[in-house]
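Reader: I should be grateful for a close look at one part of this structure, namely a pair of neighbouring strands and what lies beside them. Please then place that part within the rest of the chain.

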Amino acid sequence: PDNQFHPDPSKKNLVILGTGWGSVALLKKLDTENYNVIVVSPRNYFLFTPLLPSCTTGNIEHRSIMEPVRQILRSKKASAMYYEAECTHIDAERKVIKISDNSDIKGDVHVTEVPYDMLVVGVGAENATFGIPGVRENSCFLKEIKDAQAIRTKIMDCVETAGFKDQKPEEVSRLMHMVVVGGGPTGVEFAGELRDFFDEDIKKLVPEIADSFKVTLVEALPNVLPMFSKQLIDYTESTFKEEHIEIMTKTMVKNVTDKYIEAEISRPDGKKELTRIPYGLLVWATGNALRPLVKDLMSQIPAQKDSRRGLAVNEYLVVQGARDIWAVGDCAVAGYAPTAQVASQEGAFLARLFNNMAKTEALEAKVHELSASLNVQPGNSAQVVQEIESTERQLRRIKDIKPFHYSHQGSLAYIGSEKAVADVAWLNGNLASGGKLTYLFWRSAYLSMCFSTRNRVLVALDWVKAKVYGRDVSRE
Ligand code: FAD
Ligand code: NAD
């Protein structure tokens, strides 16, 4: 067999970009037999991002939260094609995309084109740096598996380097200073996990550096976790105080070097003050920026001219001003926050939409056929007319697709020392809670949200393993 894709000419080519929350939710619910489905993504797995902060300390092993896309596709009724590649250009005029294999091993052909009839863009976002000098060169992000692995290695590198013979106290303090920039949920959850790692494992194994370990969270706004209620923000801030995590609010990082960051602090009297913060490990979590592919597509479409944060879509997630292109998740602007919850609901909505579109076309073809047979065999006309009417009724029912509507299930975040915060909208009332019970809820909620039973079992085993044997501090 060759590895050429042999599409069924009677079906449309549906190309899906990305294997993240949006695209995978679409794939999960899509009736693949209705289309020639082609998935393109440089990542051949789905990543359960909510547990990524736990991978930075080895509380969870990274493979436990990955699900191979091949496994996902295997469970579909009709086969779908997957290409491990990055889409580098969308030609909206010709309806083709350019794809490129950017992995280490490349064959003779590593750049080619794929034509589409329908395209779904679910490529997510990049890490925002706001052009601040030195960020890319000196800090770790926390978005992908490789980021979590790099952080895990660096934490232990800092610890072992601080323990090096004759290291001066000032240098030990610098190396043991773990700075997190960005007080959104990513920064807060990471800071909490880091403090747990230190308290539960590092402190016992490397007691000589214990007094110097420090975590600082730097945030430009007046408080952390802006999407949570005031009560939960206060709870998080007081928990961090108990955990000895310093929060520096109204502090905007302006410059990053290999050993310190420079930040501007806004004082209550309105004065601004520049400060230098030495660090050993710097984790940068200041949110999302547009991917070049998305910028490139937006520049081709005049209707996207005023959109800044991503592809503006209508209430059916159609990219405004484009033909046969839909967008989901962090790269789309539909009026919601860039979260997994939104992305997966958008993906599931598109699956329903596409399943419906295929059914509509099939029913329309049936009406057409029946009408034609009416002319050829007028004998059975009463029965055929009845059948046409019933098919048309069916058509009207499924054609009436309601626009996308996001249903917010609540926000959850882990804040360290077996505590979590939750803003959950239940039974029309708002339940805001923090603490140990919420932590158990957080754990069970995330466990139930894992992609597969295999993931659930692996994550649960990792938790037990870390509790019983401690986290593995080998630096690798
Ligand atoms: P992603 O999930 O980022 O997927 C994008 C996909 O596109 C990837 O497969 C990528 O490889 C692929 N891709 C990239 N470029 C290209 C290209 N050129 N061509 C083809 N494919 C491409 N949200 C919550 O609701 N709850 C949480 O608890 C939560 N926790 C989080 C924790 C962390 C550490 C992070 C970083 C995020 C968290 N989020 C959470 C946010 C959530 O992960 C994102 O909103 C979500 O991943 C967006 O889904 P997406 O499908 O748009 O993009
Ligand atoms: P975010 O956009 O939520 O927060 C980034 C923070 O960085 C902001 O508060 C911003 O003021 C701050 N910042 C920006 N520039 C700065 C600077 N120069 N100096 C200091 N601070 C600066 O980013 P995130 O936490 O990565 O989250 C991204 C998205 O993913 C959000 O929609 C979030 O809700 C979602 N998410 C959700 C969860 C959860 O529900 N548990 C976890 C992680 C991420």
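Author: Strand S11, residues 177-181, pairs with strand S12 in the parallel sense, over five bridges. The model in which this pairing appears is a predicted one. Within the pair, Val179 of S11 has Thr216 as its bridge partner in S12. Strand S12 covers residues 214-218, and because four of these five residues are buried, the strand is largely enclosed by the rest of the structure.

Strand S11 is also joined to strand S17, by four bridges, and these two strands run parallel. Val179 takes part here as well, since its bridge partner in S17 is Leu282. Val179 is therefore a convenient residue from which to follow both pairings, with Thr216 in S12 and Leu282 in S17. Strand S17 spans residues 281-284, and its side chains are divided between two directions: Leu281 and Val283 point one way, Leu282 and Trp284 the other. All four of these residues are buried.

Other sheets of the chain may be described in a similar manner. An open sheet of five strands has the order S5-S2-S1-S9-S20, with parallel pairing. Strand S5 (81-84) and strand S20 (325-327) stand at its edges; each has a single partner strand, so one side of each is left without a neighbour in the sheet. On average, neighbouring strands of this sheet are turned by 20° against each other, direction ignored. Four bridges join S5 to strand S2, residues 35-41, and the two strands run parallel. One bridge can be located by its residues: Ser41 has Glu84 in S5 as its partner. Helix H1, residues 21-29, packs on this sheet, where it touches strand S1 (12-17), S2 and strand S9 (118-121). The direction of H1 makes about 145° with that of S1.

Lys11 lies in the segment before S1. With a relative accessible area of 28%, Lys11 is partly exposed. Leaving out residues up to four places away in sequence, Lys11 touches Glu33, Asn34, Tyr35, Asn36 and Asp117. Tyr35 is 24 residues from Lys11 along the chain, yet their C-alpha atoms are separated by 5.3 Å.

A further open sheet consists of three strands in the order S6-S7-S8, and here the pairing is antiparallel. Its edges are strand S6 (86-91) and strand S8 (111-115); each has a single partner strand, so one side of each lacks a neighbour in the sheet. Neighbouring strands are turned by 25° against each other on average, direction ignored. Strand S7, residues 96-100, pairs with S8 over five bridges in the antiparallel sense, and Val96 has Pro115 in S8 as its bridge partner.

Ile388 provides a view of a helical part, as its place is in helix H11, residues 381-399. Its relative accessibility is 11%, and because buried means under 20%, Ile388 counts as buried. Apart from its neighbours within four places in sequence, Ile388 is in contact with Val367, Leu370, Ser371 and Leu374. Lys98, by contrast, is 290 residues from Ile388 in sequence and 43 Å from it in space, C-alpha to C-alpha.

Two loop residues deserve attention for their backbone angles. Lys250 has a positive phi of about 50° although it is not a glycine. Lys250 is placed in the loop between strand S13 (245-248) and strand S14 (251-256), and it is partly exposed, with a relative accessible area of 38%. Glu418, also a residue other than glycine, has a positive phi near 55°. The loop that holds Glu418 lies between strand S22 (411-416) and strand S23 (419-426). At 25% relative accessibility, Glu418 counts as partly exposed.

The chain as a whole supplies the setting for these parts. Its secondary structure comes to 13 helices and 24 strands, and its C-alpha trace spans about 100 × 60 × 50 Å along the principal axes. Of its 476 residues, 49% count as buried. Among contacts with a separation of 6 or more, 64% are between residues 24 or more positions apart. The accessible surface comes to about 24,000 Å², and 53% of it belongs to carbon and sulfur atoms. The chain holds 58 positive and 61 negative charges, and their mean positions are 2 Å apart.

Definitions and conventions
Residues are numbered from 1 along each chain as its sequence is written. Chains are lettered from A and ligands numbered from 1 in the order in which they are written. This is a predicted model: local features need pLDDT of at least 70, side-chain atom pairs count only at pLDDT 80 or more; totals for chains, interfaces and linings use all residues. Side-chain values use heavy atoms; hydrogens and water are left out. Two strands pair if DSSP finds at least two bridges between them. Axes are lines fitted to C-alpha atoms, for helices over the stretch in contact, and angles run from 0 to 180 degrees between N-to-C directions. Contact means heavy atoms within 4.5 Å. Buried means under 20% relative accessible area, exposed over 50%, partly exposed in between (1.4 Å probe, protein chains only). Accessible areas come from the Shrake-Rupley method with a 1.4 Å probe; for residues, only the protein chains shown count as cover. Lys and Arg count as positive and Asp and Glu as negative; His and the chain ends are not counted. The place of a charge is taken as NZ of Lys, CZ of Arg, CG of Asp or CD of Glu.
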